[in-house]
Amino acid sequence: MLFRIFFLLSFIIFGVLAAPTPGNEPKEPEIPDELEIGVSNLDLAEEFVKITKVLGAVNVNHCPLDNIKLPLDRTNPALPNPAPGLKLKYVAIGRGTQNYTCNATDASTTPNAVGAVATLYDASCIVHRNPELLHALTGPFSHFIPGVIHFVSAIFSRLIHSSTDTVVLGEHYFEGKTPFFDMRLGGYPDWVGTKKVASADAPTKGNDVPWLKLESTNSSGIHDVYRIYTAGGKAPANCQGQNPYFVVDYAAEYWFYGN
């Protein structure tokens with residue numbers, strides 16, 4: 001029932017915000033520059049933390065994950081298993097952008113990946129109760145406006161009157177070429193800088209970025225990170241008609257293993 005309320009609110013609010021007002025034709029969104037993208041996502045995340053702490057956050061915060069199995073049999077080849085001795089610590093839905101540059105704007109040039117930014121939402125209680133429901137969420141999340149997700153989550157938390165702090169688990173960003181995942185934004189001590197050790201095409205093909213296994217290069221509390229059930233994020237085949245810097249919306253599940 002709670003999930004039905006959440007999605008009903010999501011679709012109602014999303015529909016209202018997306019609908020053009022009479023007499024105003026929809027405008028094409030402007031592409032922000034690199035600095036604006038990073039600041040915008042960080043500001044949204046920080047604002048959401050403040051909102052949820054005031055209203056009381058959704059009671060989906062860090063449920064037990066002891067018996068949850070990572071679905072590695074969905075790709076060919078399968079991603080490697082987590083390192084021995086590690087336990088599943090967090091499961092999140094990441095919503096953000098994959099970021100690209102183009103050195104020219106013709107069909108002979110391909111986009112260069114220059115990192116990603118995303119907010120990580122705690123999905124541990126969803127995967128604890130219904131893993132298939134979680135796997136179905138990244139598609140809708142990739143199309144939601146981030147501000148709508150934050151606002152609906154705050155309303156949802158108000159309805160439940162939870163005592164937990166926030167449904168924001170953390171943030172994902174790059175420092176240079178290193179992917180970072182930082183849970184301190186959500187009040188947890190763990191963080192990790194990573195490197196890619198394995199990749200597999202998303203089973204859905206299309207415009208979805210690959211599934212990944214990442215391992216820590218420096219960290220506190222986290223060693224292995226998996227990006228699975230991706231939706232969106234893939235760059236176009238070439239740079240024809242693209243801006244020098246552009247972003248592609250995406251969502252994905254992130255599974256974090258540590259000690």
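Which residue in strand 8 stands opposite alanine 231? In this predicted model, the residue that stands opposite alanine 231 is alanine 251 in strand 8. The chain has six helices and eight strands, and of its 259 residues 49% count as buried. Read along the sequence, these elements follow the pattern α-α-β-β-α-α-α-α-β-β-β-β-β-β.

**The barrel**

- Eight strands close into a barrel in the order 1-2-3-4-5-6-7-8, and the pairing is antiparallel; on average, and with direction ignored, neighbouring strands of this sheet are turned by 30° against each other.
- Strand 1 is joined to strand 2 by nine bridges, and the two run antiparallel; in this pair, alanine 92 stands opposite aspartate 122 in strand 2.
- Strand pairing in general works through backbone hydrogen bonds, either parallel or antiparallel.

**Strand 7 and its neighbours**

- Strand 6 pairs with strand 7 in the antiparallel sense over four bridges, and lysine 213 stands opposite tyrosine 226 in strand 7.
- These two strands, 6 and 7, form a hairpin with three residues between them, and in the turn glycine 221 has a positive phi of about 90°.
- On to strand 8, strand 7 is joined by seven bridges, again with the two strands running antiparallel.
- Nine of the nine residues of strand 7 are buried, so this strand is largely enclosed by the rest of the structure.
- Valine 225 lies in strand 7 and is buried, with a relative accessible area of 0%; its C-alpha atom is separated by 8.9 Å from that of valine 192, although the two residues are 33 residues apart along the chain.
- Tyrosine 229 also lies in strand 7 and has a positive phi of about 45° although it is not a glycine; with a relative accessible area of 13%, tyrosine 229 counts as buried because the cut-off for that class is under 20%.

**Nonpolar cores**

- The largest nonpolar core has 28 residues, and those with the most contacts inside it are Leu79, Val91, Leu134, Tyr226, Ile228 and Trp255.
- Two or more residues of this core come from each of strand 1, helix 3 (124-129), strand 5, strand 7 (224-232) and strand 8 (245-258).
- Apart from this core lies another, of 17 residues, including Phe181, Leu212, Leu214 and Ile222.
- As a general background to such groupings, nonpolar side chains in soluble globular proteins tend to be buried together.

**The second largest pocket**

- The second largest pocket has a volume of about 530 Å³, and of the 24 residues that line it, the closest to its centre are Gln98, Ala113, Gly115, Phe174 and Arg227.
- The elements that give two or more residues to the lining of this pocket are strand 1 (87-101), strand 2 (112-122), strand 3 (168-175), strand 5 (191-200) and strand 6 (211-220), with the largest share, four residues, coming from strand 2.
- By residue class, the lining of the second largest pocket divides into 13 nonpolar, six polar and five charged residues.

**A cis peptide bond**

- Asparagine 76 and proline 77 are joined by a cis peptide bond, with omega at about 5°, and proline 77 is found in the loop between helix 2 (34-55) and strand 1.

Notes:
Residues are numbered from 1 along each chain as its sequence is written. This is a predicted model: local features need pLDDT of at least 70, side-chain atom pairs count only at pLDDT 80 or more; totals for chains, interfaces and linings use all residues. Side-chain values use heavy atoms; hydrogens and water are left out. On a 1 Å grid over the protein atoms alone, a cavity is a set of points where a 1.4 Å probe fits but cannot get out, and a pocket is an open set with protein on both sides within 12 Å along at least five of seven lines; lining residues have an atom within 4 Å of a point. Grid points are joined across faces, edges and corners, and a volume is the space filled by probe spheres set on the points. Ala, Val, Leu, Ile, Met, Phe, Trp, Tyr, Cys and Pro count as nonpolar, Asp, Glu, Lys and Arg as charged, and the others, Gly among them, as polar. A nonpolar core is a set of buried Ala, Val, Leu, Ile, Met, Phe, Trp, Tyr and Cys residues joined through side-chain atoms within 4.5 Å. Buried means under 20% relative accessible area, exposed over 50%, partly exposed in between (1.4 Å probe, protein chains only). Two strands pair if DSSP finds at least two bridges between them. Axes are lines fitted to C-alpha atoms, for helices over the stretch in contact, and angles run from 0 to 180 degrees between N-to-C directions.
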